[in-house]
Amino acid sequence: MPNVSMTVNGKAVSAEVEPRTLLVQFLREKLSLTGTHVGCDTSQCGACVVHINGKSVKACTTLALQNEGAEVTTIEGLAQNGEMHPMQAAFKEHHGLQCGFCTPGMVMSAIDLVKTHPNPDEKTIREGLEGNICRCTGYQNIVKAVKTAADNMGG
Amino acid sequence: MSSETGIGASVRRKEDKRFLTGKGRYLDDINRPGQAYGVFLRSPHAFAKIKSIDTAEAGKAPGVVAIYTGADLAADGIGGLICGWAITSKDGEPHKAPAHPAIAVDTVRHVGDQVAFVIADSLAEAKDAAELIEVDYEELTPVVSGADALASGAPQVHDDVPGNLCYDWELGDQAAVDAAFAAAAHVTKMDIYNNRLVPNAMEPRAAIGDFDSGTDEIVLYTTSQNPHVARLVLSAFVGIAPEHKLRVIAPDVGGGFGSKIFIYAEETVCAWAARKIDRPVKWTAERSESFLSDAHGRDHHTTAELAMDANGKFLGLRVNTVANMGAYLSTFATSVPSYLYATLLAGQYTTPAIYANVKAVFTNTAPVDAYRGAGRPEATYVVERMVERAARDLGISPVELRKRNFIAPDAYPYETPVIMTYDSGNYPLNMDTALKLIDYDGYAARKAESESRGKKRGIGFSSFIEACGIAPSAAVGSLGAGVGLWESAQVRFNPTGGVTVFTGSHSHGQGHETTFAQLITEHLGVPIENVEISHGDTGKVPFGMGTYGSRSLAVGGSAIMRAVDKIVEKGKKVAAHLMEASVEDIEHANGVFKVAGTDKQVTMAEVAFAAYVPHNYPPDLEPGMDETAFYDPTNFTFPAGTHIAEVEIDPETGVVEVVDWAASDDFGNVINPMIVEGQIHGGVAQGIGQALLENAVYDSETGQLLTGSYMDYTMPRADDFPSLKVETTNTPCPGNPLGVKGCGEAGAIAAPAALMNAITDALGVEIDMPATREKVWRAAQTVQQAAE
């Protein structure tokens with residue numbers, strides 16, 4: 001089996017993988033980083049979004065082997081010294097999550113959205129999160145959270 | 001509010017940290033040592049005889065541990081899946097309950113029916129081996145719609161169910177309704193379809209069976225809303241293991257909406273197979289399997305007639321519904337289109353005579369069962385579209401027509417003609433509150449402005465009611481329920497003052513860990529960070545009936561309150577001893593025990609410590625501060641409200657924009673307003689999804705599910721909604737100690753009728769859900785051509 005090496009949440013990792021292993025499987029099964037979720041089988045739901053080299057990517061659309069040498073950040077890598085990332089904190093403050101299953105992907109997408117649009121209006125946020133499905137919240141409090149986080153992230 | 005973390009405070013959720021940092025523990029995140037992986041081979045046909053299954057090649061594939069078929073389950077005496085609610089047809093016959101094997105034996109009856117279970121060392125090996133199983137099918141002609149299944153000569157889904165009729169049930173006084181129609185000045189009639197939905201909790205269902213041959217205990221990890229019910233059914237009816245040798249754990253569960261109430265084939269097979277191979281067996285659904293095998297929702301064809309006098313006063317309602325049950329009866333399927341549906345057909349109105357006839361039928365589709373609202377959305381949809389249509393027929397404002405027929409705020413308790421006794425409410429207040437929120441006075445100007453841009457604007461109302469907090473055990477027992485519907489709670493003080501509450505309710509997004517903790521903080525004065533809520537494990541929680549029917553706070557929260565009462569009662573005895581006073585003189589408030597009329601006091605923490613270190617303790621009192629209570633409600637609760645939708649339609653494209661939404665809901669007392677508002681947002685989103693986007697469609701010839709993935713089934717996304725305006729009114733529920741009514745399903749119940757009423761108001765013609773762009777465009781074009 002081929003070997004793949006990458007940096008995940010700041011740590012160098014290396015493992016043998018079957019060539020068909022998706023990045024999301026690699027994260028969940030080889031690294032036990034189970035915060036990245038699988039919610040569908042057609043790359044629609046966005047529960048598996050992670051950052052690869054700083055950009056949000058659905059981890060079910062890329063093979064582990066394609067990410068040789070990449071810098072990957074998952075939901076587990078956001079909090080620093082026990083302090084939640086401003087996006088995580090805003091989701092808590094505005095009740096932007098209920099069951100929590102879509103939340104990691106939603107948070108990872110939202111961070112990239114704010115990076116691209118530092119001062120997003122409601123329409124930009126709603127359209128920007130179109131690739132992430134949430135069945136619980138009706139999105140309203142997610143939108144509020146992203147707006148607050150954008151303000152707090154110095155947008 | 002006693003504090004910033006007590007009742008009435010929007011306390012930020014205690015559970016959020018783990019979900020936000022990737023530390024939630026959902027089922028697929030759990031792995032057991034030595035675990036094998038299971039894959040179900042599913043039927044590609046809607047209806048076929050299984051002539052033979054050849055597993056020889058598959059059995060030799062790398063990594064394969066075992067392959068099981070329906071014959072293996074039957075050989076072990078594993079019973080079929082059951083339906084737990086007995087319905088009696090109008091001719092006195094019990095409902096037809098055909099066999100529902102966890103793995104098909106000789107016939108498959110819907111696409112996705114289980115045919116074989118392949119277990120291997122890895123998931124990939126199990127999948128590869130499943131491909132090698134040869135099944136020889138003899139295809140039969142399927143039937144997928146409820147109406148078609150009732151037609152003479154229709155394919156017979158079960159040999160022992162003539163005419164595919166599960167039951168033909170009625171409720172209400174038919175003669176009184178006939179008389180009302182005979183006396184009517186006007187009758188409004190509609191054919192209404194309530195479209196079939198796929199629940200689509202974001203976490204797919206999953207299970208791990210884990211058997212300990214040393215103790216003979218099976219631990220079943222499963223994505224359940226009610227682990228104790230799963231244990232009861234799997235022991236008592238399916239025969240997996242005796243109840244004391246079966247532990248069911250439902251860890252963090254990623255949404256349910258009803259679909260995770262039921263006891264499914266897959267978890268049954270995992271629990272059974274773990275013992276067979278003496279290894280843990282894990283199965284996780286792929287989304288396409290969820291589409292095929294999760295219990296679906298709704299799918300009612302209804303004809304309704306409303307009789308009115310010359311002033312628009314409702315005289316009688318006649319409803320005929322065909323409910324599609326799918327191929328087999330899911331766990332509570334029979335109750336949904338009967339007692340959870342027709343009992344709500346009075347809505348918020350004084351309609352004196354109501355008659356409903358419901359025919360439940362089998363088809364070659366996935367089983368249909370409770371989905372957020374379960375019967376009550378179907379009832380509200382019928383009533384509220386009828387009322388709106390009647391207003392249009394009579395040329396009366398839909399607001400005015402509703403107000404003429406609302407049950408008055410001073411009329412409670414109010415007995416409806418369909419066996420419900422509403423306990424409290426204020427329907428005109430909700431209407432007025434919602435009208436203000438939407439700025440109804442400014443609507444005409446907004447409509448004119450839309451027209452100036454070539455757009456069609458519409459406004460629609462839905463004054464919904466639901467019966468939730470299900471339910472008094474004796475009442476539902478008399479209606480056919482096979483279980484009691486109480487709840488239990490254990491409140492355990494630890495010696496150092498922290499509290500653990502064990503509850504039989506199960507949280508899969510509702511925020512119980514916060515709301516329930518607020519009850520303890522409010523009543524026992526324990527800082528909220530010192531309260532832990534434990535749920536979802538039959539090995540920890542005394543007992544429980546789980547979470548559905550918006551019952552957790554009204555029933556589960558009330559059980560906690562009963563346990564709190566016991567804690568206080570015992571605490572008074574300890575406090576009296578510590579302060580050398582008589583028990584009758586001890587007063588308790590907010591975790592402080594005082595001797596009446598003095599400044600002597602001890603805190604709950606001191607009392608709890610004394611109970612565990614009873615050096616100075618009443619001689620006739622048990623040590624410990626740990627109380628369990630069961631609570632059985634005395635009635636349903638009756639949340640009600642009015643939702644108003646405003647839409648703008650582009651007649652050239654059929655695009656419907658939901659431009660505004662106002663909701664005024666009466667949930668009785670509110671413990672955590674932030675969480676309640678979130679429940680409304682989510683419920684309305686599902687209702688808007690149903691009305692605008694979602695539709696489970698089976699091909700009428702092949703029985704294939706045409707909408708079997710997120711590529712085909714339109715899930716609502718962030719840009720499908722406006723920000724909703726939500727307010728609550730608070731008429732306390734007189735029936736439970738918290739005065740609460742339940743808010744989980746309200747949005748999904750109210751929303752579809754409001755939105756469809758707005759869309760049809762804009763279009764000027766009636767259409768059915770979902771109001772897809774094509775359907776709306778065609779309707780708009782037809783209207784335009786007729787006008788030209």
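How far apart should the ends of helix α19 of chain B be at 1.5 Å a residue, and how far apart are its end C-alpha atoms? This is a predicted model, and a good place to begin the tour is to select residues 746–763 of chain B, which form helix α19. The 18 residues of this helix should span 26 Å at 1.5 Å a residue, and because the end C-alpha atoms are 27 Å apart, the model agrees with that expectation. With the helix still selected, display its surroundings: α19(B) is mostly covered, 18 of its 18 residues being buried. Then step on to B:Gly764, which follows α19(B) and has a positive phi, near 85 degrees.

Next, select residues 114–120 of chain B, which make up strand β5, a mostly covered element in which seven of seven residues are buried. Adding residues 36–42 of chain B brings in strand β1, which runs antiparallel to β5(B) and is joined to it by six bridges; within this pairing, B:Gly38 has B:Ile119 of β5(B) as its bridge partner. Adding residues 64–69 of chain B then shows strand β3, also antiparallel to β5(B) and joined to it by five bridges, with B:Tyr68 standing opposite B:Phe117 of β5(B).

Finally, colour chain B by its domain assignment, which gives domain 1 (16–22 + 486–631), domain 2 (31–140 + 202–255 + 260–293) and domain 3 (300–470 + 635–787). The centres of domain 1 and domain 2 of chain B, taken over C-alpha atoms, are separated by 39 Å. Their contact takes 14 residues from domain 1 of chain B and 16 residues from domain 2 of chain B, and the domain 1 side divides into three nonpolar, ten polar and one charged.

Terms used:
Residues numbered from 1 in each chain as written. Chains lettered and ligands numbered in written order. Predicted model: local features only at pLDDT ≥ 70, side-chain atom pairs only at ≥ 80, totals over all residues. Helix = DSSP H or I, 4+ residues; strand = E, 2+ residues; numbered from the N terminus. Expected span 1.5 Å × (residues − 1). Buried ≥ 20, exposed ≤ 12 C-beta atoms within 10 Å, placed from the backbone. Pairing = 2+ DSSP bridges. Domains from an automatic or database assignment. Contact = placed C-beta atoms within 7 Å. Nonpolar A, V, L, I, M, F, W, Y, C, P; charged D, E, K, R; others polar.
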